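Here is a short briefing on one protein model. Read it with the structure open beside you.

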Amino acid sequence: MIKEASITRVECPACGYRLFDKGVQACGPVQTKCTRCKRVWEVELATNEFKQVSRKPKARRKGDSASP
C-alpha cells in the first residue's frame with residue numbers, strides 16, 4: 001500500500017510566488033531565491049520563519065560609473 005505524502009507549499013512572502021514544496025518532517029534552514037522577484041530568502045522549515053538575505057539586484061547599465 002502506498003502512503004500519501006503530506007506536502008506543504010512554501011510561497012515567497014514578497015510576491016506570493018511558489019518557492020518550493022516541503023514535507024511534514026522537514027526541518028533546518030534553507031536558502032532559496034525567488035525566480036519572480038529575485039529576492040533571496042532563508043527559511044527555517046520547522047517554524048516557517050522567513051529572513052531576507054538579499055534584495056532585488058540593481059540594474060546595471062553600460063556606461064554607469066558603478067559598473068566594472
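Contact here means heavy atoms within 4.5 Å. With that cut-off, and not counting residues up to four places away in sequence, Trp41 touches Cys12, Pro13, Ala14, Leu19, Val30, Gln31, Thr32, Phe50, Lys51, Gln52 and Val53. The model is predicted. An open sheet of three strands, in the order S3-S4-S5 with antiparallel pairing, is the main topic below.

**The sheet**

- The strand order is S3-S4-S5, and the sheet is open.
- S3 and S5 are the edge strands, as each pairs on one side only.
- On average, neighbouring strands of this sheet are turned by 25° against each other, direction ignored.
- Strands of a sheet pair through backbone hydrogen bonds, either parallel or antiparallel.
- S3 and S4 pair in the antiparallel sense, over five bridges.
- Within that pairing, Val30 stands opposite Val43 in S4, and Lys33 stands opposite Val40 in S4.
- S4 and S5 also pair in the antiparallel sense, over five bridges.
- Here the bridge partner of Val40 in S5 is Ser54, and that of Glu44 is Glu49.
- Val40 thus appears in both pairings: it faces Lys33 and has Ser54 as its partner in S5.

**The two hairpins**

- The hairpin of S3 and S4 has six residues between the strands.
- Lys38 sits in this loop, between strand S3 (29-33) and strand S4 (40-44).
- Lys38 has a positive phi of about 65° although it is not a glycine.
- Is Lys38 buried or exposed? Neither: Lys38 is partly exposed, because its relative accessible area of 35% lies between the 20% and 50% limits.
- The hairpin of S4 and S5 has four residues between the strands.
- Asn48 lies in the loop between S4 and S5.
- Asn48 also has a positive phi, about 60°, and is not a glycine.
- Asn48 has a relative accessible area of 39%, so it counts as partly exposed.

**Trp41 and the aromatic pair**

- How many aromatic pairs does the structure hold? It holds one.
- Trp41 and Phe50 form this pair, which is edge-to-face.
- Their ring centres are 6.0 Å apart, with 90° between the planes.
- Trp41 is buried, because its relative accessible area is 7% and the limit is under 20%.
- Phe50 is at 30% relative accessibility, so it counts as partly exposed.

**The nonpolar core**

- Which residues make up the largest nonpolar core? There are nine: Val10, Cys12, Leu19, Phe20, Cys34, Cys37, Trp41, Val43 and Leu45.
- Strand S2 (18-23) and S4 are the elements that give two or more residues to this core.
- Trp41 is one of the core residues, and its contacts include Cys12 and Leu19, which are core members as well.
- Val43 is another core residue, and it stands opposite Val30 of the neighbouring strand.

**Val53 on the edge strand**

- Where is Val53 placed? It is in strand S5 (residues 49-54).
- S5 is an edge strand and pairs on one side only.
- Leaving aside neighbours within four places in sequence, Val53 is in contact with Gln31, Val40, Trp41 and Glu42.
- Val53 and Glu42 are eleven residues apart in sequence. In space they are 6.4 Å apart, C-alpha to C-alpha.
- Val53 counts as partly exposed because its relative accessibility is 42%, between the 20% and 50% limits.

**Salt bridges**

- The count comes to two salt bridges.
- In one, the side chains of Glu11 and Arg9 meet at 3.1 Å, N to O.
- Glu11 has 39% relative accessibility, so it counts as partly exposed.
- In the other, the side chains of Asp21 and Arg18 meet at 3.4 Å, N to O.
- Asp21 is partly exposed, with a relative accessible area of 41%.
- Arg18 also counts as partly exposed, at 37% relative accessibility.

Terms used: Residues are numbered from 1 along each chain as its sequence is written. This is a predicted model: local features need pLDDT of at least 70, side-chain atom pairs count only at pLDDT 80 or more; totals for chains, interfaces and linings use all residues. Side-chain values use heavy atoms; hydrogens and water are left out. Buried means under 20% relative accessible area, exposed over 50%, partly exposed in between (1.4 Å probe, protein chains only). Rings of Phe, Tyr and Trp (its six-membered ring) pair if their centres lie within 6.5 Å; planes under 30 degrees apart count as stacked, over 60 as edge-to-face and the rest as tilted. Two strands pair if DSSP finds at least two bridges between them. Axes are lines fitted to C-alpha atoms, for helices over the stretch in contact, and angles run from 0 to 180 degrees between N-to-C directions. A nonpolar core is a set of buried Ala, Val, Leu, Ile, Met, Phe, Trp, Tyr and Cys residues joined through side-chain atoms within 4.5 Å. A salt bridge is a side-chain nitrogen of Lys or Arg within 4 Å of a carboxyl oxygen of Asp or Glu.
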